[in-house]
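This report takes up two topics in turn: the setting of a single residue, and the surroundings of the bound ligand.

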Amino acid sequence: MPSDRPGIPARLAAVHDRVADAARAAGRDPREVRVLLATKTQDAETTLAGVRAALDLASAAGDDRPVLVGENRVQELVAKAPALADLVAAGRVEAHLIGHLQKNKVNQVLGAATAVDSIDSLALARALSSRCERDGRTLDVLVQVNVSGEESKSGVAPDGAAALAVDVATLPGLRLTGFMTIGARLGEPRDESLVRAGFARLRAVRDAVLASAAPGTSDARELSMGMTGDLELAVAEGATVVRVGTAVFGARPTPAR
Ligand SMILES: *Cc1c(COP(=O)(O)O)cnc(C)c1O
């Protein structure tokens, strides 16, 4: 099903309304929660339509922070990079990798990404860091945690997450900015308490790492959690970034991973 591009601004505005409602219900400032556009399977034009809608909304709200775009696959990130390059260079867009990264794709991803949100091993973090050091740059990273324990999901187990983060934070080429998770599948009947407990777990990991005051951890504030189906639960548990695809672009032609 091709995306209905003209509908994107209205759908993105509706997502922002959902986020704002959830934030207020939780006693939070809606501006604490940013929307990352999850653009997997969308072509470059549709991705740009989402970015333009997000820039318009931000400028109407007097918000000059960059628009966040996230891709799951390195190949897709690289393919769409030229379409976003000017906006990335101007600091208007951040391009995030939000899917699993294999070490042999580190060079490719560094050519296209502003941030890698899916750090799940020290070996991967070291490979990224040494390449960044050689290039004289710093890469923002999140540690991905598998809070649900579902085997289909990547990320480090919650028990090892804080230790991994503390190690990652010491690497000279990386800046640890927080944590990411994919919530437990909302079954039928919807088990919201299970999903919320997973998000609360991520927040607890973040709080423990910040409280450790270990070297390099002081910027690790972000909690990237919540998608189209569960963003209200994530915002209630402290999300600072929600990653939204379907609610903005419509259903994907192939099932989501
Ligand atoms: C696809 C995807 C999303 C967005 O999911 P929707 O349900 O379409 O909003 C968010 N995060 C990750 C890691 C994804 O792969």
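In this predicted model, Gln108 belongs to helix α4, which is made up of residues 106-110. Its relative accessible area is 40%, and because partly exposed covers the range between under 20% (buried) and over 50% (exposed), Gln108 is classed as partly exposed. Once its neighbours within four places in sequence are set aside, Gln108 is in contact with Val74 and Val78. Ala22, by comparison, is separated from Gln108 by 86 residues in sequence, and the C-alpha atoms of Gln108 and Ala22 lie 37 Å apart in space.

The second topic is the ligand. The residues around the ligand are Ala38, Lys40, Asn72, Ile98, Ile182, Met227, Thr228, Arg243, Val244, Gly245, Thr246 and Arg252. By residue class, this shell divides into 5 nonpolar, 4 polar and 3 charged residues. For Lys40, Asn72 and Arg252, the table gives the distance between a polar side-chain atom of the residue and an oxygen atom of the ligand.

| Residue | Distance from polar side-chain atom to ligand oxygen |
|---|---|
| Lys40 | 2.6 Å |
| Asn72 | 2.7 Å |
| Arg252 | 2.7 Å |

As for how much of the ligand is enclosed, the ligand has 380 Å² of accessible area on its own, and the protein covers 93% of that area.

Methods:
Residues are numbered from 1 along each chain as its sequence is written. This is a predicted model: local features need pLDDT of at least 70, side-chain atom pairs count only at pLDDT 80 or more; totals for chains, interfaces and linings use all residues. Side-chain values use heavy atoms; hydrogens and water are left out. A residue is near a molecule or strand if one of its heavy atoms lies within 4 Å of it. A polar contact is a pair of N or O atoms within 3.5 Å; within protein, one must be able to donate a hydrogen and the other to accept it, and residues adjacent in sequence count only if both atoms are side-chain atoms. Accessible areas come from the Shrake-Rupley method with a 1.4 Å probe; for residues, only the protein chains shown count as cover. Ala, Val, Leu, Ile, Met, Phe, Trp, Tyr, Cys and Pro count as nonpolar, Asp, Glu, Lys and Arg as charged, and the others, Gly among them, as polar. Helices (H or I, at least four residues) and strands (E, at least two) are DSSP runs, numbered from the N terminus. Buried means under 20% relative accessible area, exposed over 50%, partly exposed in between (1.4 Å probe, protein chains only). Contact means heavy atoms within 4.5 Å.
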